[in-house]
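I am opening a fresh page for this structure. My notes follow in the order I looked things up.

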Amino acid sequence: MTIDGHSAMERVDRHQRAVEAAPDSAGCHLNLGTALLQAGRLQQAEQALRKAIELDPSLARAHVNLGGILLSRWDFHGCIEANRAASACSPDMVEAHYNE
């Protein structure tokens, strides 16, 4: 699958290098987690997204993406909790409210 002309694995590799270059960047971990999610590597995506949230709890997109992973495991409580955190960070984020 390609998005913007890049395969999922190319995006994962690019974002992995960014994390290695800036391990304390929440944004880099968020981008890596999103790329891993799109590549279907859910366990690794969850780890990257949780690291992004640890570094910057205000990243609504990280919470929403984590909620999607939790939903895929039938963890409804975790999904709702993650999306509530997202909507608290970004009250106008319709996706977070919808996913709740």
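Before judging a helix, I need a yardstick: the expected span of a helix is 1.5 Å times one less than its number of residues. I also note that I am working from a predicted model.

**Entry 1: helix α4**

I tried the yardstick on α4, which covers residues 60-72 and has 13 residues. From first C-alpha to last, α4 reaches 19 Å. The expected value is 18 Å, so the two are close.

Next I asked which residues of α4 are buried. I found A60, A62, H63, V64, N65, L66, G67, I69 and L70. For this I needed the cut-off: buried means under 20% relative accessible area.

What covers these buried residues? I listed α2 (26-38), α3 (42-55), α5 and α6 (94-99) among the cover.

**Entry 2: E46, on a neighbouring helix**

I picked E46, which sits in helix α3. Is E46 buried or exposed? Its relative accessible area is 12%, so I wrote it down as buried.

I then looked for its partners, leaving out residues up to four places away in sequence. E46 touches L66, I69, L70 and R73. Of these, L66, I69 and L70 are on my list of buried residues in α4.

**Entry 3: just past α4**

I moved on to W74, just after α4. W74 takes a positive phi of about 65°.

W74 turned up again when I checked the surface. Together with L71 and F76, W74 forms a nonpolar patch there. The three share about 380 Å² of accessible area.

I followed F76 into helix α5, which runs over residues 76-89. Its relative accessibility is 44%, so F76 counts as partly exposed.

**Entry 4: the whole chain**

Last, I stepped back. I counted six helices and two strands in the protein chain. Which order do they take from the N terminus on? I read β-β-α-α-α-α-α-α.

The radius of gyration is 13 Å, close to the 13 Å from the globule rule for 100 residues, so the chain is as compact as a globular protein of that length. Along its principal axes, the C-alpha trace spans about 30 × 30 × 20 Å.

I noted that buried residues make up 37% of the 100 residues. I also looked at contacts with a separation of 6 or more: 39% of them join residues 24 or more positions apart.

For the outside, I recorded an accessible surface of about 5,800 Å². Carbon and sulfur atoms own 54% of that surface.

Notes
Residues numbered from 1 in each chain as written. Predicted model: local features only at pLDDT ≥ 70, side-chain atom pairs only at ≥ 80, totals over all residues. Heavy atoms only, no water. Patch = residues over 30% accessible without salt bridge, like charges linked within 9 Å, V, L, I, M, F, W, Y side chains within 5 Å. Areas by Shrake-Rupley, 256 points an atom, 1.4 Å probe, with all protein chains shown as cover. Salt bridge = Lys/Arg side-chain N within 4 Å of Asp/Glu carboxyl O. Helix = DSSP H or I, 4+ residues; strand = E, 2+ residues; numbered from the N terminus. Buried < 20%, exposed > 50% of the residue type's maximum accessible area, 1.4 Å probe, protein only. Contact = heavy atoms within 4.5 Å. Rg over C-alpha atoms; globule rule 2.2 N^0.38 Å.
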